[in-house]
Amino acid sequence: MSLTQDNSKSECGGDSICISNGESSPVNIAASDHSSDNIDIDNDDDKNNNNNSKSIGVPVAYASDDFNSIGRSDNNNWVAFASDDFNSIGRCDSNSINESSDNDVSSSLTAEKRTGEKEKKISSTSDTNVEIVHAFSIVLGEDGKNGNGNEKKVAALPVLPNNENIAFNSNTMISDNANNGNCSSISSDGNDDACTSRNDNRSIKDNTNYNNNSDQSNFDTTNNYKNNNVNDIISSNNINVNSNMNVNTNIRNSNQNMSDDIYPSNNNDVIVDTKIITDPYPSDTYSILALHGPIENPAYFSFGLMVYLFQISFLLLMVLSVVHRRWSSIGDDNPGADILAQFIPANVSPLVRATQIMATLAYTIFADSTIRDVAVGVELFPRIKKATPDDRVGCMVFSSMLRLSQGILAIIVTLFLIVSTSNVIDIILNFTAINYISALDDIGFEVIKWGKYGTKFKDEAERIEKLPLPKCISRNHKVLRYWSTFIPIGVILMACLCSVIFLQESNEFWVTKIYRVQFQDKEQGLQMYNGCYEKNEDVIGGRKVYEGHINNSESAHFEYCTDERQWILFKGSATNACGARENNTEVARSSRTDTFDVLTMFEKTWYSSSNTPLDVYFIEDNDKLHATCPSFIDDGKCDLVLNAFDYQYDGGDCCAATCSGSSCGNGLFKNAFGTNITMGDGFPNCTDPNMVPITIRLDNIFSSAEPQYAETNEFPDGESKFPDVFDNTSTIVEILANRSLLLPYQIDYFTSETIKPLLFIDCDGSNVLSIYVDKSMEKQTETIMVSDGAVCNMTIRNSTSSSHFFGKDPIWYVQYTILHEDKQSVESNSVVISQSFSAEDKYSYFKRIPNCYLDKLSDYIDKSTVYTAVGSDPSAKAIDWLMNDESENSSCENSFLSERYALAVIYYTNSNHSNSSWISKTRQCVWPSITCENEAVVNLNLGSNNLAASIPSEIGLLTSLHTLHLYNNQLNGSIPSEIQHMTSLRLLNMNNNQLNDSIPSQIGLMTSLAEIYLEDNELAGPIPSEIQNMTSLKILVLYNNQLDGSIPSEIGLLTSIVKIKLHENMLIGTIPSDIGLMTLLTELRLRNNELTGPIPAQIGNLTALNHLNLKFNKLTGPIPSEIGRLTSLKILYLESNELTGPIPSEIGRLTSLKTLYLYGNYLTGAIPSEVQALFASTENSVMPSDGPSLLPSFSPTDRPK
């Protein structure tokens, strides 16, 4: 389409473009060769523009909607175009741009970025729409001047949509109108008086590609325009417009590429500087996430996500440090039970309150970076409907969500820190910390922009920083959107802060309303101030005042003294706590504190008026406290409401062991042994966990009138109590069944009311139970609570008065059982303490075994007989000895109680045969035959002590023992397997006893054992293969027992062993070849067994051997020549076997050999000369001169046995 200007005043018609300049009539650009397809540009929505210019090709100036365009003619010619949000001023001066000018014109084309662009449409009668996307400013000249030194020329050019071509026909001229001040063309003929029209066939063409890069480029006719910096374009000085000039503008969404075809006519230069007028992406790491996904650009995505994770992690840690009670460093002075009370102080000072309010206002008014993150997150959230296929909508949504979540969480953390901080400096520092965390995304972007992560990251940061936002993100009304974001946030923050202030200043919330005070030490004389204290309406320094309950013995108040920063308890009704000491009314004062609720001082130290530390505790406010205020703790009366841990179980008033009043337990029993009773003393409500149970079971209840229990069968007057047909084995039931045989006085005797005996139990000097026993209580149980290890005495009184002629009134006799546990445990596994019958024993003395004894020694104690078998069971007797030991050496707290118990069991096991009493109530480390290290028994020597019983299993409790000597006694039975627990034992000596059974395999667990002496016993069975684990073993002595089986091959693993003595047993099998692995062995004695097979050649590896005794076995085969390698051998006994073959000459190499016995075998051949030479001297004599020869002559039948 060709564009021309219609000079007429009429409306636009035909093929013309009508440009309205804000006046009453439009400016028409008429096409010379066309009669249709009119395009009207109405740029002011309401009016058309006046134009007095001549007929030209292109209007001098035009304005878009809502903006003004002024074109005027003065001494300098201007050409200007304006589009959305911009003003355009065009004027003509003496310097015009035309093709005939010989003057060089230096032109600078500057594209400036603008905000708030509006979408404009060019509409025509044929509904053709053209959208104006961007606008550019063109500035001609340098330093405000053109090439001739005159004023700079400025033009704002609209950039049309892609592939929109504007073609000017041959009549389109570059003209200037000097008559009316409006320049109507981009052409001048140099005339200062008028804008004239001129035709020129020359054209300007320049291929220009606009890219969004930051580098500057100088180029000639084909160049790259950089969108963010000044770009120099080397072009022509004169811009000549051909009559058929075409303008191609191509704008792309991602990089805003622009291509214009301009044809230069000469070599003069035009300098152009361009900038895209649009909002760029924010300079932070969230923009990286908006542009790059995890798959195509994992490095960029990971960096952006890493910054977000750091921010969220910091913020979450700050949240937890505030709201989580266990991890919080905030003081716990808020008595409230709600969630907010867990981390918000009960109150703050006015200075802190003012700082909180100012901080909240400043935070919202001056838009901290956290609020800006929320606003930007909302603003940059993409509109799906306006997105193009090239837009990365998913990344944009992901980035916006992360930005929003970080900003919202930061706002929440900020609120928490404001309301939970009670220090002005801390509030300010918290703001600094939050702002730093929220700015990490900006800092991270700056770091990569500085090139700290390489050039690729740097280039990408610089590209993003200048990259314009896509259309789906761009928004209008930014100010309105910003205000609509931060105002609600500010309102919410202030509302939350005001709510917290209301709760802190309220008299009903977050304040301790009532508490109980209990002074413990009676010697301090402050018990009169015990009781409840309630808040009143007075407030001192933001802190409540508490006055004593009406039922308290003395009137007193708790009040905070601001001057001394202490809570003070003072007597009387005065209200000046700070003057209490001077007025001599002070009772107690707390440690120094600045907290606002008295709750914080409950766990702190309190002092008397004389600055003496007080033994006092406080009971916090709870639902039941009001009901307990009329009662008092530790007054000798059990109050069920106070019978809880918080009140120390009413100060001990509910248990016999802890009650100290004169009326303790009086009349509290209303039901005993399953029977309702009128009165009974005791402590049925004792729930203190420090107490332990004892159960009394009334097995049988008999009347004293029963013939079998009667002291005599006659009344005092000599009359018989029952007819002769009955005897002492008869029962009252049987006698009354035959009333016809009874006399009236006999019936009266057997039917008279039986007296109820008094049953009472005293433990540790305090009465625990006191009731009267009735027949209905038979087979019933009652549990009482006593202190652990209590010493008790149970009594049933049988005495009655004589109220009838027949003597004493009948009374109930009781058979009862005392049990160790409560009723439930008794039913499943009863532990009997004692059994008694009141007709025979009036008193029953017993002591409850402490639970710690049973817990620590449970593996060694038979609970079923621990009380009753004291006379026969050593373990029960040892427990009884410990219980009766009043020294602290037998207390449960003694770390070596188990050792003391084990030694006591060993003693009582053999006490009838021991030479002396070697235990006492002194500590065990001073007992004879015992050595200790660090209070632990390490050496026990009971050798030759006349012990004549078995070794008790409790010996395994001596886990620190290093040496154990039990030799030369009469110990019998087996070696207990519990010795496996003696893992520190190094020497075990039990020789010369009567021990039988097998060696326990658990001995292999004693890996520290170095020496074993078990000879001269009656041990049977095989040598356990587990011996291989005893790698520290050096000496193994097991001779003169009844051991059978073969020598385990695992014995070869004892590479540290030096001596092995297994002779005089019943061992069978071969000598294992693994014996050659014990290269440190010096002595090997296997004589007098039933060993068979050859002597292993590996015996030659025992080069340290000096004594080898294999005689009196059934060994066969030749003497191995390897025996000649035993150069340290001094004694060699091989006689009385079944060895065959010659004597190896290698024996002659045994230069250290002193004794050699080979007789009693089937050896053949002569004695080697090497052997003869070895014994040539008297020093190496084989045996005494009167002994047998080296090779005596005998037949197989008369071989020595």
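This briefing walks through some helices, sheets and aromatic contacts of the structure above. The model is a predicted one, so please read every value below as computed from it. Two open sheets appear here, one of 5 strands with antiparallel pairing and one of 7 strands with parallel pairing. Aromatic rings get a good share of the space too, since a search of the whole structure finds 29 aromatic pairs.

**Annotated transmembrane regions**

- An unreviewed UniProt entry lists residues 299-320, 408-429 and 482-503 under "transmembrane region".
- Residues 299-320 are 100% helix and 0% strand, and the C-alpha atoms at the two ends of this span lie 31 Å apart.
- For residues 408-429 the end C-alpha atoms lie 20 Å apart, with 86% helix and 0% strand.

**Helix α17**

- Helix α17 covers residues 897-909, and at 1.5 Å a residue its 13 residues should span 18 Å; the end C-alpha atoms are indeed 18 Å apart, so expectation and model agree.
- Because 12 of its 13 residues are buried, α17 is largely enclosed by the rest of the structure.
- Among the buried residues of α17 are Leu897, Glu899, Arg900, Tyr901 and Ile906.
- What do the buried residues of α17 pack against? Their partners are the helices α15 (851-856) and α16 (874-883), together with the strands β40 (930-933) and β41 (936-941).

**The antiparallel sheet**

- Reading across this open sheet, the 5 strands come in the order β29-β32-β31-β34-β39.
- β29 (681-682) and β39 (843-847) each have a single partner strand, so one side of each is left without a neighbour in the sheet.
- Inside the sheet, β31 (residues 758-763) pairs with β32 (residues 766-772) in the antiparallel sense over 6 bridges.
- If you want a landmark for β32, look for Asn767, which stands opposite Asp762.

**The parallel sheet**

- Here the 7 strands follow the order β47-β49-β51-β53-β55-β57-β59.
- The edges are formed by β47 (1020-1021) and β59 (1162-1164), each of which pairs on one side only.
- β47 runs parallel to β49 (residues 1042-1046), and 2 bridges join them.
- Gly1021 stands opposite Leu1043 in β49.

**Aromatic pairs**

- The whole-structure search gives 29 aromatic pairs.
- One of them joins Tyr363 and Phe431: the ring centres are 5.7 Å apart and the planes meet at 65°, so this pair is edge-to-face.
- Tyr363 sits in helix α3 (residues 350-365) and Phe431 in helix α6 (residues 424-438), so the pair ties together parts 68 residues apart in sequence.
- Are these two rings buried or exposed? Tyr363 counts as buried at 2% relative accessibility, and Phe431 also counts as buried, at 18%.
- Tyr1133 and Tyr1157 make a stacked pair, with 4.9 Å from centre to centre and 20° between the planes.
- That stacked pair links distant parts of the chain, 24 residues apart: Tyr1133 belongs to strand β56 (residues 1131-1133) and Tyr1157 to strand β58 (residues 1155-1157).
- Both Tyr1133 and Tyr1157 are buried.

**An aromatic cluster, and an arginine over two rings**

- One aromatic cluster is formed by Tyr515, Tyr533, Tyr546, Phe558, Tyr560, Trp567, Phe602, Trp606 and Phe618.
- Arg543 lies over the face of Tyr560, a member of that cluster, at 4.0 Å from the ring centre.
- Arg543 also lies over the face of Phe596, at 4.0 Å from the ring centre.

Definitions and conventions: Residues numbered from 1 in each chain as written. Predicted model: local features only at pLDDT ≥ 70, side-chain atom pairs only at ≥ 80, totals over all residues. Heavy atoms only, no water. UniProt positions renumbered as here; feature names shortened; annotations may be inferred. Helix = DSSP H or I, 4+ residues; strand = E, 2+ residues; numbered from the N terminus. Expected span 1.5 Å × (residues − 1). Buried < 20%, exposed > 50% of the residue type's maximum accessible area, 1.4 Å probe, protein only. Contact = heavy atoms within 4.5 Å. Pairing = 2+ DSSP bridges. Phe/Tyr/Trp six-rings, centres within 6.5 Å; stacked < 30°, edge-to-face > 60°. Lys NZ or Arg CZ within 6 Å of the ring centre and 35° of its normal.
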